[in-house]
Each structure stands twice: as C-alpha cells, then as structure tokens.
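Here is a friendly walk through one chain, written to be read beside its coordinates. Take a look at the fold first, and then follow along.

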Amino acid sequence: MIKMLTTNSRIFLHHILVAFVTVGLMGLLPTGTEAQNEYFFPTGFTFDESIPSPEEFLGYPIGTFATRNDRLVAYMQELARLSDRATYQSIGTTYEHRPMPVLTVTSPANHARLEAIRQDHLASLVPGSSPAGDIPVIAHLGYNIHGNENSAGEAALLTAYWLVAGTGPAHD
Ligand SMILES: [Zn+2]
C-alpha cells in the first residue's frame, strides 16, 4: 500500500448500482472522523487536513449507509481537485450511462511523466526485453463490477483517501 504512493497506482471504479439503505446502527457506531480512521487505518499515520475524509465528504461514517454511485464518483473528483497526487478521468460509460472512473494516484513528479512511464512499461513487456530499471511499480486496484456487491465501493472510498491524503515519510 505504501509502495504504491511512491509509484503509480490506479484505482479503477466500475460501480454500477448502490441502493440507498439505512442500517439503523448510527447510534451504536463511532461517529468522529478520528474514530473511523483508527478503525480502518493503521495507527501512527496522519492525514492532510485539507483533504476531506469520506465521512466528512459524505456526511456519515463509512459502513452506516450504502453510498450512491454519484456520491462515490463525486468524492473521487474532489480528491483530484484538491490534491496534486491524484487525477480523475472517466474511461467510458456503463449501459446505464454512469461514468467509469479511474483515479490515478502518484507523486506530482510521476504525474508529469505518466505517458513516458506508460511507454517504458509497454516496452518492458516485449518478450525478450529486460525491465527498465527506473519505471515505478504500477498497481491497478479494481473495485466493483456488480451492483449488489457494494462493499467494494465503500472500500474504494477509504483506499483513495488513504493514498491521497496520507502524510509522512512513508507516503512521501
Ligand atoms: Zn461479483
């Protein structure tokens, strides 16, 4: 996970449908962002406070509501708007005309040479070629192609926040 931040990872979200369901556990679950972060992320890390957590953006702790597709996409777009670590694109639309978002997360330096990294990566895949020494590891994280399996979309929100807003030597 940490390695991905020094390199080039993609969060691929093909999230078709999320029903709006209340779980009825609001009073029983921790409500503060800090409590949520302690539950989902390892201790000892901090987050850039200029980047809203999923809970701050959506208005509820992850796990208490099923997040709608449009809100999920909006959060990815907000991360890209606020951070120079992230860029957002949609690579198409689903049969229901929903966007197919890709959030690319890497250092600003790598963002400036994504096409060169892509070309080096392709060249390294040619049979018989030797891997280029300086291309970063590329991790493609795919979330959710089936609309009734919405835990992956919720996980995508948290993973994107972790990658984009995490601070400290490990993330830098
Ligand atoms: Zn499935």
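The pLDDT is the predictor's confidence in each residue, on a scale from 0 to 100. That score applies here since this is a predicted model. For the chain, the mean pLDDT is 80, and 78% of the residues reach 70 or more. Residues 1-31 have a pLDDT below 50, and beyond near neighbours in sequence this stretch has 84 contacts in the model.

**Overall layout**

The chain has seven helices and six strands. Read from the N terminus, the order of the elements is α-β-α-β-α-α-β-β-α-α-β-α-β. Of the 172 residues, 27% count as buried. Among the contacts with a separation of 6 or more, 68% join residues 24 or more positions apart.

**The nonpolar core**

In soluble globular proteins, nonpolar side chains tend to be buried together. In this model the largest nonpolar core has 20 residues, and those with the most contacts inside it are Met 76, Leu 79, Leu 103, Ala 160 and Val 164. Three elements, α4 (69-82), β4 (99-106) and α7 (151-165), each supply at least two residues of this core. The most comes from α7, which gives eight residues.

Which residues does Leu 79 touch, not counting those up to four places away in sequence? They are Ile 51, Ala 86, Leu 103, Ala 160 and Val 164.

**Two helices of the core**

The spans of α4 and α7 can be set side by side.

| Helix | Residues in helix | First to last C-alpha | Expected at 1.5 Å a residue |
|---|---|---|---|
| α4 | 14 residues | 20 Å | 20 Å |
| α7 | 15 residues | 21 Å | 21 Å |

For α4, the reach is close to the expected value, and the span of α7 is likewise close to what is expected.

The buried residues of α4 are Asn 69, Leu 72, Val 73, Tyr 75, Met 76, Leu 79 and Ala 80. Seen down the helix axis, the buried residues of α4 fall within an arc of 155°, so they line one face of the helix. On the other side of α4, Asp 70 and Arg 81 are exposed.

Helix α7 is mostly covered, with eleven of its 15 residues buried. Its buried set includes Ala 156, Leu 157, Ala 160, Trp 162, Leu 163 and Val 164. Polar side chains are found there too, as Glu 154 and Thr 159 are among the buried residues of α7.

**The hairpin of β3 and β4**

Strand β3 (residues 86-93) pairs with β4 in the antiparallel sense over six bridges. Within this pairing, Ala 86 has Val 105 of β4 as its bridge partner, while Ser 90 is bridged to Pro 101. The two strands form a hairpin with five residues between them.

His 97 sits in the loop between β3 and β4. What is the sign of its phi? The phi of His 97 is positive, at about 60°, although His 97 is not a glycine. Is His 97 buried or exposed? His 97 counts as exposed because it has 6 C-beta neighbours inside 10 Å, where 12 or fewer is the limit for that class.

**From α3 to α4**

Leu 58 belongs to helix α3 (residues 54-58). With 19 other C-beta atoms within 10 Å, Leu 58 is partly exposed; a buried residue needs 20 or more. Leaving aside neighbours within four places in sequence, Leu 58 is in contact with Thr 67 and Arg 71. Leu 58 and Leu 72 are 14 residues apart in sequence, and their C-alpha atoms are 8.8 Å apart in space.

Ala 66 lies in the loop between α3 and α4. Why does Ala 66 count as partly exposed? Ala 66 has this status because 16 C-beta neighbours lie inside 10 Å. Along the chain, Ala 66 and Gly 153 are 87 residues apart, while their C-alpha atoms are separated by 9.0 Å. Gly 153 is one of the buried residues of α7, so this pair of positions links the loop before α4 to that helix in space.

How values were computed:
Residues are numbered from 1 along each chain as its sequence is written. Two residues are in contact if their C-beta atoms, placed from the backbone, lie within 7 Å. A nonpolar core is a set of buried Ala, Val, Leu, Ile, Met, Phe, Trp, Tyr and Cys residues joined through C-beta atoms within 7 Å. Helices (H or I, at least four residues) and strands (E, at least two) are DSSP runs, numbered from the N terminus. The expected span of a helix is 1.5 Å times one less than its number of residues. Two strands pair if DSSP finds at least two bridges between them. The arc is that of the directions from the helix axis to the C-beta atoms.
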